[in-house]
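The following exercises concern empty space and helix packing in a protein model. Each task is followed by a solution in steps.

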Amino acid sequence: MNWSIGLIGATGIAARAVIAPSRDRHDIAVHAVAASDRDRAAVFGRRHGVMVLPSYEDVITAPDVDVVYISLHNSAHVQWAQRACAEGRTVLVEKPLCLSLAEHDLLREAEQRGGGQVLEALPTLGHPWHDVVRRVLREGRFGRLRDVQSRFAFRTPEPGGYRLRPDLGGGIFHDVASYWLQALQETVGLPSSGGTGTAWCAEPHGVDHAFEAVLPLPDGATATLTCSFAAQHTAEHLFHLDEARVRVRGVLLPAAGAVALNVAIRTTTGHTEITRTEPVSYYPRQLERLAELLSGRAGHWGAESAATRDRIRVMEHIHRTARREIRAAALDKEHT
């Protein structure tokens, strides 16, 4: 069976995450695109060989569209996902799926009414490094888990983009939170409540350019996130145990192609043990998971829906508790 995808948003991530990997498949193809700027949509359509439709509504109601992929600014996700659900479409929404539990529940209500399914486009799901870390923690060779430290730095956005606009759901924390919380979910689990955040903003009512979050974990350990907009990309997790440190660097590198990741264990006695995962390419894997759902091989996305809700719950709580403090435009050196 073949499925057709309609794109809401003529964006770079749509080209990388959907158009490029779909060209290697016989069962999924991109049918059409629409953007708020028709000229931009026209350029995008010519570049990628995709039909351009006049509006988002036209994409959603097109009879040949089975899946709607949404890559708009964060604050627009719910509106258009609800509308696509009303047409019974499967909807793939860029992370974060939404910005609050109230929005998440609106999407689930839309699923029940319209018959569609809404999924968060989080390509890091199910990476083999999660299995390696879970096994190390389960075996208990190095004692108990003490804390998890995660560091992310994304390139500073161009002026005028939604990532620098709080009214559009911008800020570094919203950019990073889904990756952070999903990694914790798949390795150590998320708590039922709690978590605090501190935000550094260049102006009183601006977006967070740097953010720190602290989350108590179910087993008494603590997870800490440090993230910022910066010149150099960083994405890593460190798991500190009684007798070892487990480090996974470059956890977003498979977005660029098939990449193997190293899980490095450094014991307190100085011994190093490295496990190299199989090469993984995030976006082809994401389309494969979508195909499994559409074909019925994966059943309903119920388990992942519950996991997404937990991530949104924690993200919203931490973001709400963040203290917004004025900093110089360059911010503190430790956040750059």
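A cavity is a set of grid points where a 1.4 Å probe fits but cannot get out, and a lining residue has an atom within 4 Å of such a point. The model examined here is predicted.

**Exercise 1.** Describe the second largest cavity and its lining.

*Solution.*
Step 1. The count comes to two cavities of 30 Å³ or more. The second largest cavity has a volume of about 60 Å³.
Step 2. Its lining consists of Thr-124, Trp-129, His-130, Phe-152, Tyr-179, Gln-182, Ala-183, His-237, Val-251, Leu-252 and Tyr-282.
Step 3. Two elements, helix H6 (128–139) and H7, give two or more residues to this lining. H7 provides the largest share, three residues.
Step 4. Sorted by class, the lining of the second largest cavity has seven nonpolar, four polar and no charged residues.

**Exercise 2.** Characterise the largest pocket by volume, surroundings and residue classes.

*Solution.*
Step 1. The volume of the largest pocket is about 1100 Å³.
Step 2. The pocket is lined by 41 residues, and the closest to its centre are Ile-13, Arg-16, Tyr-162, Arg-163 and Asp-175.
Step 3. Two or more lining residues come from each of helix H1 (12–22), strand E7 (145–155), helix H7 (172–187) and helix H8 (282–295).
Step 4. The lining of the largest pocket divides into 19 nonpolar, 13 polar and nine charged residues.

**Exercise 3.** Determine how H1 and H8 are arranged relative to each other, and identify the residues in contact.

*Solution.*
Step 1. The two helices pack at an angle of about 70 degrees, and their axes are 9 Å apart.
Step 2. Angles of 65 to 115 degrees count as roughly perpendicular. H1 and H8 are therefore roughly perpendicular to each other.
Step 3. The crossing of H1 and H8 is right-handed.
Step 4. On the side of H1, the contact involves Ile-13, Arg-16, Ala-17, Val-18, Pro-21 and Ser-22; on the side of H8, it involves Tyr-283, Pro-284, Gln-286 and Leu-287.
Step 5. The residues of this contact comprise seven nonpolar, two polar and one charged.

**Exercise 4.** Which residues does a cis peptide bond join, and where is the place of Pro-96?

*Solution.*
Step 1. Most peptide bonds are trans.
Step 2. The bond between Lys-95 and Pro-96 is cis, with omega about -10 degrees.
Step 3. Pro-96 lies in the loop between strand E5 (90–94) and helix H5 (101–114).

Notes:
Residues numbered from 1 in each chain as written. Predicted model: local features only at pLDDT ≥ 70, side-chain atom pairs only at ≥ 80, totals over all residues. Heavy atoms only, no water. 1 Å grid on protein atoms, 1.4 Å probe; cavity = no way out; pocket = protein on both sides within 12 Å on 5 of 7 lines; lining within 4 Å. Points joined across faces, edges and corners; volume = space filled by probe spheres on them. Helix = DSSP H or I, 4+ residues; strand = E, 2+ residues; numbered from the N terminus. Nonpolar A, V, L, I, M, F, W, Y, C, P; charged D, E, K, R; others polar. Axes fitted to C-alpha atoms, helices over the stretch in contact; angles between N-to-C directions. Parallel < 35°, antiparallel > 145°, perpendicular 65-115°, else oblique. Left-handed = near helix turned anticlockwise from the far one by under 90°. Contact = heavy atoms within 4.5 Å.
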